[in-house]
Amino acid sequence: MDKRTFLKSLGLMSLAAVPSVNGLEKWIEMHSHIPAGKLANNEDFWQGIRKGYRLKPDYINLENGYYCIQPQETLDGFIQHVRDVNYQGSYYMRTVQWENKKKMSDKLSKLTGCNSDELIITRNTTESLDMIIGGMHWEIGDEAVMAEQDYGAMLEMFKLVSRRYGVINKVISVPNHPKSDEEIVELYANAITKKTRLLMVCHMINITGHILPIRKICDMAHKKGVQVMVDGAHTLAHIQFSLKDLDCDYYGASLHKWLSVPLGAGVLFVKKKNIPNIWPLLAEGPRKEDDISSLNHIGTHPVHTDLAISNAIDYYLMIGPERKEERLRYLQNYWTNKVRSIANVILNTPKDPSRSCGIANVGIKGMKPGVLAQTLIEKYKIYIVAIDGANVHGCRITPNVYTTPEELDVFVKALKELAA
Ligand SMILES: Cc1ncc(COP(=O)(O)O)c(C=O)c1O
């Protein structure tokens, strides 16, 4: 073996050393003849998936929206990567660190349906999207459009850019129960003027789980010469989509959410033609102006997290994107259908299955969301998060693939008692 091949094989050791997932693979294979829609309520099958997770017995975790814990397979793979990188030390960092990271971003481009030279790995959605907001060549009086339901970190970044460059921010409010896609598209369209440069929109609003018609919004904005930046923090590995179909200009997502990558991994897509127009967060050495790596300098960071992206994608593909989406939507409908018509219960998520998936938000008339959240954990041992703002007053409920209908029954019972 020559020196170069030896270095390569050593560097890739961490990828090869991931334990196999034979048991789970066989389990999924045994059920592969069942269509995803039918499998969504096959509790035997999902019990098998649940067994792959180590779950804290103290409470029912219906707050997977912040961070989706890793299944044991991914966690084991990740720990192995930590050991391997630690074993090789600087040697790893100086030899195959970048090559391996590129393998991960290539795998992510395949998963998200974009070209591999249009996507980079970041630390999270905040880094991805704030790099775009802060990195545009703003001029005084330029305008940006966003919604009050967008995520706080990005709204704050727009405020910073407003103070710094004199950008005017136009903030709309997305209705919780729209009549049609057109109603939403028109809301955004009405906020656009000749001075609008960038429109930010959530693929899935984090506080309600509301899925927005991204392609239609992009088509409308592009006709008016406005670029679209999509916040996909909650959609990657939750619902199926392809970046090519969405046709947005920028897309950011957190991989530690629905893809269940270890904490501290995100992704940024930038359409090739837009790359030269963005100032990087941190300066990179000389690059061609449309080379996306010019936006990717971060310094030394936990590279083993990047390596675990491969394990997480393998796990996700093994479960199957369609099966996962169907199961998450089934779980949401399972509990929302049981409480929707109960007096004093307010659902803040659209009923239309094309406008929501696993996440939904529910409130109780006359009860502060914070009080509801506290009562649920103290009295019923159910962990959720309270949302009280941006026209949304309720608690966000986010089950995951390991959640059981029995757990949701406990939640439904609690809601019924509290609403009465
Ligand atoms: C819609 C949305 N955007 C952005 C973020 C920020 O994600 P991160 O903290 O991983 O950067 C979140 C986090 O919950 C979110 O829900």
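These are my notebook entries on the ligand site and the aromatic ring pairs of this structure.

**Entry 1: the model**

I reminded myself before starting that this is a predicted model.

**Entry 2: around the ligand**

I began by listing the residues around the ligand. From the earlier part of the chain I noted Asn124, Thr125 and Thr126, along with Tyr151 and Met154, among others. Further along I found Asn206, Asp231, Ala233 and His234, and then Ser254, His256 and Lys257.

I then sorted this shell by residue character: three of its residues are nonpolar, seven are polar and two are charged.

Next I asked myself how far the polar side-chain atoms of serine 254 and lysine 257 lie from an oxygen atom of the ligand. For serine 254 I got 2.6 Å, and for lysine 257 I also read 2.6 Å. Histidine 234 offers a polar side-chain atom too, placed 3.0 Å from a ligand oxygen atom.

I also looked up how much of the ligand the protein covers. On its own the ligand has 390 Å² of accessible area, and the protein covers 89% of that.

**Entry 3: aromatic pairs**

I turned to the rings and counted seven aromatic pairs. I followed two of them in detail.

My first stop was tyrosine 53 with tyrosine 315. Their ring centres are 6.5 Å apart and the planes stand at 90°, which is over the 60 degrees needed, so I logged the pair as edge-to-face.

Where do these two tyrosines lie? I found tyrosine 53 in the loop between helix H5 (43-50) and strand S1 (60-61), while tyrosine 315 belongs to helix H14 (residues 303-319). The pair therefore ties together parts that are 262 residues apart in sequence.

Buried or exposed, I wondered, for tyrosine 53? Tyrosine 53 has a relative accessible area of 9%, so I wrote it down as buried. Tyrosine 315 is buried as well, at 7% relative accessibility.

I also noted that Tyr402 joins Tyr53 and Tyr315 in a cluster linked by ring pairs.

**Entry 4: a second pair**

Then I checked tryptophan 335 and phenylalanine 411. I read 5.1 Å between their ring centres and 75° between their planes, so this pair is edge-to-face.

Tryptophan 335 sits in helix H15 (residues 321-339) and phenylalanine 411 in helix H17 (residues 405-419), so here the ring pair ties together parts 76 residues apart in sequence.

I finished with their accessibility. Tryptophan 335 comes out at 0% and counts as buried; phenylalanine 411 is buried, with a relative accessible area of 0%.

Definitions and conventions. Residues numbered from 1 in each chain as written. Predicted model: local features only at pLDDT ≥ 70, side-chain atom pairs only at ≥ 80, totals over all residues. Heavy atoms only, no water. Near = heavy atom within 4 Å. Polar contact = N/O pair within 3.5 Å; in protein donor to acceptor, adjacent residues only side chain to side chain. Areas by Shrake-Rupley, 256 points an atom, 1.4 Å probe, with all protein chains shown as cover. Nonpolar A, V, L, I, M, F, W, Y, C, P; charged D, E, K, R; others polar. Phe/Tyr/Trp six-rings, centres within 6.5 Å; stacked < 30°, edge-to-face > 60°. Helix = DSSP H or I, 4+ residues; strand = E, 2+ residues; numbered from the N terminus. Buried < 20%, exposed > 50% of the residue type's maximum accessible area, 1.4 Å probe, protein only.
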